[in-house]
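Take a walk through this model from the outside in. Start with the overall fold, then turn to the cores and a few single residues.

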Amino acid sequence: MPIILDHQLREQITHDDAIFPITYFCDELASLPNWTGPLHWHPDFEIATAASGVLDFQVGRQHIILNAGDSIFVNGNILHGIKQLSGNIPDPMPNIVFSCSVIAPVTSAIYQKYIQAISRCDTLPFIVFDQKNGWHNEVNRLVKNVYCLMYEQSQCYEMGVQRELSSIFEYIFSNFDDLPKSEITRIQIKTQIRIQKMLSYIREHYAETVTLEDIAGAANISRSEAGRCFNTYMGCSPVDALIQHRLQIAHRLIKDTTLTLQEISYSCGFNSVHYFSRQFRQTYGYTPGQYRILGK
């Protein structure tokens, strides 16, 4: 069975399931500090494409390199994040996040026979579609068609999107046995659930005083075990992850609000403006004031 978490532990996507359960994103990296997207998860499928640069797509504990033209499919409820490795401008990285119901209802034979085999496969957290591979490249073409349809939203685009996604899943199902699988142990599943719970706690309480004990307590584990989980998935300590999340929120507030730096500092959980400024500069290479004035 796939990893199932309470809805409060999932990344929330803004599409309306009752209308058309798919959302198209583009140019998100440009708005993210250091062109890096933090680890997150959601119950829906995701497909993303490296448009021009080289991307490091983290799925669970694995780091997958996407070259320009390659795409990746990420299964539901799997931790994933993104970082751009090359290029002088942020990669557009078009991507779609969608529910299986955009293709067929969960009660249908199509879902139960074809889609469920993919969505419930523990050993298939992701699929890379390499542009140099024959049928992979055909999937990449279909993916680009979906991006265009979602961007233009011309007449009958919903049926076009459904048709292309159905074709993508037909390719995946037809080649299912030949796809590389990743063996996932019960310990790895337990660790991912723990890190999701602790990240959820950080995102809900970052503006408050948060201790290492608080973060570990969110997953009912010891401080040392919490440190091991974060080091395994994020290469940092729980407290460092808390600081980075606070800085990411502050980075957005400096750009999108007229709040003073002191107000932003306190609203993000920093009790000292000096400490906030020092951490901001160490992470981004410029001070909060420089970012606001120069628009860095």
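**Overall shape**

The model is predicted. Its radius of gyration is 20 Å, and a compact globule of 296 residues would have one near 19 Å, so the two agree. The C-alpha trace spans about 55 × 45 × 35 Å along its principal axes. Ten helices and nine strands make up the secondary structure.

Contacts tell a similar story of reach along the chain. Take those with a sequence separation of 6 or more: 70% of them join residues 24 or more positions apart. Of the 296 residues, 46% count as buried. The accessible surface comes to about 14900 Å², and carbon and sulfur atoms account for 51% of that.

**Inside**

In soluble globular proteins, nonpolar side chains tend to be buried together. Here the largest nonpolar core holds 35 residues. Ile195, Met198, Phe230, Phe276 and Phe280 touch the most other members. At least two residues of this core come from each of α4 (186-205), α5 (212-217), α6 (223-234), α7 (238-256) and α9 (273-284). The top contributor is α7, with eight residues. Another core lies apart from this one. It has 33 residues, including Cys121, Val146, Tyr147 and Phe176.

Now look at Phe276. Setting aside residues up to four places away in sequence, Phe276 touches Leu247, Ala250, Ile254, Leu261, Ile264, Ser265, Phe270 and Pro288.

Gln279 sits in helix α9. Is Gln279 buried or exposed? Its relative accessible area is 12%, under the 20% cut-off, so Gln279 counts as buried. Beyond its neighbours within four places in sequence, Gln279 is in contact with Ile243 and Leu247. Leu247 is also among the residues that Phe276 touches.

**Outside**

Which residues make a nonpolar patch on the surface? Ile110, Tyr114 and Phe173 do, and the patch covers about 250 Å². Phe173 belongs to helix α3 (residues 157-174). Its relative accessibility is 31%, which falls between the 20% and 50% cut-offs, so Phe173 counts as partly exposed.

Glu152 is in helix α2, which covers residues 134-152. Its relative accessible area is 55%, over the 50% cut-off, so Glu152 is exposed. How far apart in space are Glu152 and Asn34? They are 29 Å apart, C-alpha to C-alpha, with a sequence separation of 118 residues.

Terms used
Residues numbered from 1 in each chain as written. Predicted model: local features only at pLDDT ≥ 70, side-chain atom pairs only at ≥ 80, totals over all residues. Heavy atoms only, no water. Patch = residues over 30% accessible without salt bridge, like charges linked within 9 Å, V, L, I, M, F, W, Y side chains within 5 Å. Areas by Shrake-Rupley, 256 points an atom, 1.4 Å probe, with all protein chains shown as cover. Salt bridge = Lys/Arg side-chain N within 4 Å of Asp/Glu carboxyl O. Helix = DSSP H or I, 4+ residues; strand = E, 2+ residues; numbered from the N terminus. Buried < 20%, exposed > 50% of the residue type's maximum accessible area, 1.4 Å probe, protein only. Core = buried A, V, L, I, M, F, W, Y, C linked by side-chain atoms within 4.5 Å. Contact = heavy atoms within 4.5 Å. Rg over C-alpha atoms; globule rule 2.2 N^0.38 Å.
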